[in-house]
Amino acid sequence: MNQNKSWRQKVFPWAALLIGLIFLVPAASPAWAQAKPEKITVVYGGATWLGHYPVWVGMEKGIFQKKGLGVLWQGFTASSGRMGALISGDLDFATTGSISAIALMASGAKGFFALAAPDSYATVEGIIAKSDIKTINDLKGKKIAVTFASSAHVLVLDLLEKAGLSPDKDVSLINLQVTEMPAAFKGGEVQACALWTPNFNVIKAMEGAHVLADDTQFSLYKQFGLGPGPDVLTVRKEFAEKYPITCQAFLEGYFEALALLGKDPNACAQVLMKLTNLKPEEQMSVLKDITWHPKEKQKEMMVNPGTFVQGLQKLADMLVKHKQIDKAPQIKDWVNTSLLP
């Protein structure tokens with residue numbers, strides 16, 4: 001008995017200490033979080049559009065750096081150029097308007113994955129017109145500036161169709177980049193512009209200008225909450241397969257920055273103005289019009305049940321109807337959520 005008592009006196013304190021240490025140790029991190037990224041620098045294709053805000057904020061706030069990553073920003077004025085650079089291997093990640101992504105899918109390009117749907121917006125893209133143009137029907141006989149094969153172009157085609165107007169006969173569509181539109185509108189070369197922020201805000205603030213329509217009038221908005229070209233975060237397929245830990249680290253930083261945009265827009269606005277050149281009140285106005293989709297919502301939107309992907313499929317069908325693409329691809333074939341944190 002004395003021997004047993006002595007044994008218990010020696011062992012139990014150590015056992016209690018061990019159990020205590022077990023409860024003090026934090027839950028194990030994912031395996032990828034314990035490993036260093038295979039590649040410490042990624043190249044991102046960006047622009048001043050709001051869909052790129054999470055990456056810019058992540059860079060400026062040092063969030064990616066904490067994940068062991070450096071992010072090189074390459075700017076583009078159009079999604080088509082950005083996606084072309086992604087496919088050719090000049091970019092690793094890019095956020096794009098889904099029109100360009102769907103067009104590449106329709107062409108059979110297999111070199112990229114759609115990873116996530118970062119945001120929803122409705123009132124920072126649309127048609128801005130001269131004050132005497134009160135309705136879509138009033139656009140008849142007018143010149144409308146629009147970037148062809150863009151989300152704004154699809155919005156114009158959709159609204160004209162609903163108003164019974166022909167884009168070929170009833171109006172003149174002038175193919176301009178959004179950066180060229182403020183001068184064209186101010187100079188009277190066009191009577192309306194279809195575009196997105198930040199130039200949307202620039203023209204809206206001009207004397208004699210007003211918002212004729214925005215994405216809330218788009219045909220798919222009420223059912224799916226989709227504008228004519230919702231943003232999609234994409235990754236080059238070869239890069240994702242070769243550097244999965246780097247991709248997961250990037251996505252962790254990306255969604256941390258996205259969450260910061262929702263929680264502290266004032267702090268984010270300070271760094272975003274260096275990108276957009278908007279005034280403080282304009283930048284805050286844009287941020288107020290955005291719904292950010294957190295990482296916890298991504299799989300629901302993309303695969304389970306995938307309402308966002310379902311909406312993109314309807315958008316692809318619409319693009320066929322408006323002769324923007326020849327055949328609608330199966331959007332789900334390009335979706336990859338395995339890298340999501």
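**Exercise 1. Find the salt-bridge partners of Arg 236 and state which residues join into one network.**

Step 1. Start with Glu 238. In this predicted model, Arg 236 forms a salt bridge with Glu 238, and their closest N and O atoms lie 3.6 Å apart. The cut-off is 4 Å between a side-chain nitrogen of Lys or Arg and a carboxyl oxygen of Asp or Glu.

Step 2. Turn to Asp 92. Asp 92 also forms a salt bridge with Arg 236; here the closest N and O atoms are 2.7 Å apart. This pair links distant parts of the chain. Asp 92 sits in the loop between H5 and S3, Arg 236 in strand S11, 144 residues away.

Step 3. Check exposure. Buried means under 20% relative accessible area, and exposed means over 50%. Arg 236 has 11%, so Arg 236 is buried. Asp 92 has 4%, so Asp 92 is buried. Glu 238 has 55%, so Glu 238 is exposed.

Step 4. Combine. Shared partners join Asp 92, Arg 236 and Glu 238 into one network of salt bridges.

**Exercise 2. Work out which parts of the chain the Glu 256 salt bridge ties together.**

Step 1. Name the partner. Glu 256 forms a salt bridge with Lys 67, with the closest N and O atoms 3.1 Å apart.

Step 2. Place both residues. Glu 256 belongs to helix H12 (residues 244-263), and Lys 67 to the loop between helix H4 (63-66) and S2, so the bridge ties together parts 189 residues apart in sequence.

Step 3. Check exposure. Glu 256 has a relative accessible area of 35%, so Glu 256 is partly exposed. Lys 67 has 27% and is therefore partly exposed.

Step 4. Set the pair in the total. The structure's count is seven salt bridges.

**Exercise 3. Lay out the sheet that contains S11, and identify its edge strands.**

Step 1. Write the order. Five strands form an open sheet, S2-S1-S3-S11-S4, with mixed pairing.

Step 2. Find the edges. Strands S2 (70-75) and S4 (112-116) each have a single partner strand, so one side of each lacks a neighbour in the sheet. From one strand to the next, the twist averages 30°.

Step 3. Look at one pair. S3 (residues 93-97) and S11 (residues 231-236) run antiparallel and share five bridges. Phe 93 stands opposite Val 235 of S11.

Step 4. Add the helix. Helix H5 (residues 79-88) packs on the sheet and touches S1 (41-46), S3, S4 and S11. The direction of H5 makes about 150° with that of S3.

**Exercise 4. Decide whether Cys 193 and Cys 247 are buried or exposed, and give the number of disulfides.**

Step 1. Apply the 20% cut-off for buried residues. Cys 193 has 0% relative accessibility, so Cys 193 is buried. Cys 247 also has 0%, so Cys 247 is buried.

Step 2. Count disulfides. The structure holds zero.

**Exercise 5. Judge where the coordinates should not be read in detail.**

Step 1. Take the whole protein. Mean pLDDT is 90, and 90% of the residues reach 70 or more.

Step 2. Locate the weak stretch. Over residues 1-29, pLDDT stays under 50. The model gives this stretch two contacts beyond four places in sequence.

Step 3. Apply the rule. Where pLDDT is low, predicted coordinates should not be read in detail.

Terms used:
Residues are numbered from 1 along each chain as its sequence is written. This is a predicted model: local features need pLDDT of at least 70, side-chain atom pairs count only at pLDDT 80 or more; totals for chains, interfaces and linings use all residues. Side-chain values use heavy atoms; hydrogens and water are left out. pLDDT is the predictor's confidence in each residue, from 0 to 100. Contact means heavy atoms within 4.5 Å. A disulfide is a pair of cysteine sulfur atoms within 2.5 Å. Buried means under 20% relative accessible area, exposed over 50%, partly exposed in between (1.4 Å probe, protein chains only). Two strands pair if DSSP finds at least two bridges between them. Helices (H or I, at least four residues) and strands (E, at least two) are DSSP runs, numbered from the N terminus. Axes are lines fitted to C-alpha atoms, for helices over the stretch in contact, and angles run from 0 to 180 degrees between N-to-C directions.
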